[in-house]
Amino acid sequence: MKMLKLSDADFNRLVRFMHDNYGINLSQKRLLIDSRLSGTLQAQGYTSFTQFIDELLTEKNKSKIEMVLNKLTTNYTYFMREKEHYEFFADTILPEIVAKNEQKKVLSIWSAGCSSGEEPYNISMYIKEFLGGRAGAWDTRVLATDISHRALTAAHDPSYELPMDMPPAWREKYFRPRGDGSGRYTVAPEIRQNVIFRTFNLMDPIQFKLKFDVIFCRNVMIYFDQPTKDALVQRFHNATKPGGYLIIGLSESIGKNSPYHMVKPGIFRRD
């Protein structure tokens, strides 16, 4: 089957649309667009990129947009990813924010770009471990958002492989075998109930009711150019409580003029 040819004009239109609406920088991804979309579009009956992009820009159909997002970005995550972040969260951040919120007994934590749910579920496990028997007296629900409806659907009905460094006691306490012979697990109800999943585009204004003690946004901004990152970090800063934290991926940076100050690699604090 002959691949569809992506013209300069169509490439530029798609790049501009994805950047302006979703912050994703595809300006250096022409080969990726060509290879990942061509076969799919042909299978769906399109005879040219022009035909598809005309529809995409005119209709702004959610399923078409999500297909492009899923093809051109990677919803790759797993439990205990960048474990040093979780250790700092457990050893330093949690004692600090629990002490600070002792009166109201509410923790405000956001997993932004949560993909299929491993991160917010993992955060919930650390919270449960820290609070122990006190957990029932606290509202510790984690807000988990992603632009991908497909990823959030997977998070609602999870099926996970567990990493070797998952503590055996946690495997027993916080997971249940799916029982279908796959060797995969779902998450225990008490952990699932601690996460609120919502579809959210990080390019939109952040207008949640509460400011956050901690925002996790790890390995998401790799798709953004520097001006887009700068604007998002400023929105995060405005949504963070004084003394609160932003946690990004170890391989990411947020720019020299960040309104946060760096505590350690990937971890930033609002004064």
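Ala, Val, Leu, Ile, Met, Phe, Trp, Tyr, Cys and Pro count as nonpolar; Asp, Glu, Lys and Arg count as charged; the others, Gly among them, count as polar. The close-ups below come from a predicted model.

**View A. The second largest pocket has a lining of nine nonpolar, one polar and four charged residues.** The space in the second largest pocket comes to about 330 Å³. Lining this pocket are 14 residues, and those closest to its centre are R141, L143, I196, L210 and F212. Which strands each supply at least two residues of the lining? Strand 2 (142-146) and strand 5 (195-199) do.

**View B. Strand 2 and strand 5 pair in the parallel sense.** Five bridges join strand 2 to strand 5. One pair to find is L143 and its bridge partner in strand 5, I196. L143 and I196 also appear in View A, among the residues closest to the centre of the second largest pocket. Helix 7 (residues 149-156) lies across strand 2 and strand 5. The helix runs at about 160° to strand 5.

**View C. An open sheet is built from seven strands.** Read the strand order as 5-2-1-6-7-9-8. The pairing is mixed. Which strands are the edge strands? They are strand 5 and strand 8 (261-264), and each pairs on one side only. On average, neighbouring strands of this sheet are turned by 25° against each other, direction ignored.

**View D. Helix 5 (residues 83-100) lies across five strands of the model: strand 1 (109-112), strand 6 (212-217), strand 7 (240-248), strand 8 and strand 9 (267-269).** Follow strand 7 for the angle: helix 5 runs at about 170° to this strand.

**View E. Helix 1 (residues 8-22) packs with helix 2 (residues 30-43).** Two packed helices are described by the angle between their axes and the distance between the axes. Here the angle is about 95°, and the axes are 11 Å apart. Angles of 65 to 115 degrees count as roughly perpendicular, so helix 1 is roughly perpendicular to helix 2. Helix 1 brings D8, F11 and L14 to the contact, while helix 2 brings R30, I33 and L37. By class, the residues of this contact are four nonpolar, no polar and two charged.

**View F. R13 is found in helix 1.** Which residues does R13 touch, not counting those up to four places away in sequence? They are T50, I53, D54 and L57. Now compare R13 with L31. The two are 18 residues apart in sequence. In space, they are 15 Å apart, C-alpha to C-alpha.

Key
Residues numbered from 1 in each chain as written. Predicted model: local features only at pLDDT ≥ 70, side-chain atom pairs only at ≥ 80, totals over all residues. Heavy atoms only, no water. 1 Å grid on protein atoms, 1.4 Å probe; cavity = no way out; pocket = protein on both sides within 12 Å on 5 of 7 lines; lining within 4 Å. Points joined across faces, edges and corners; volume = space filled by probe spheres on them. Helix = DSSP H or I, 4+ residues; strand = E, 2+ residues; numbered from the N terminus. Axes fitted to C-alpha atoms, helices over the stretch in contact; angles between N-to-C directions. Parallel < 35°, antiparallel > 145°, perpendicular 65-115°, else oblique. Contact = heavy atoms within 4.5 Å. Pairing = 2+ DSSP bridges.
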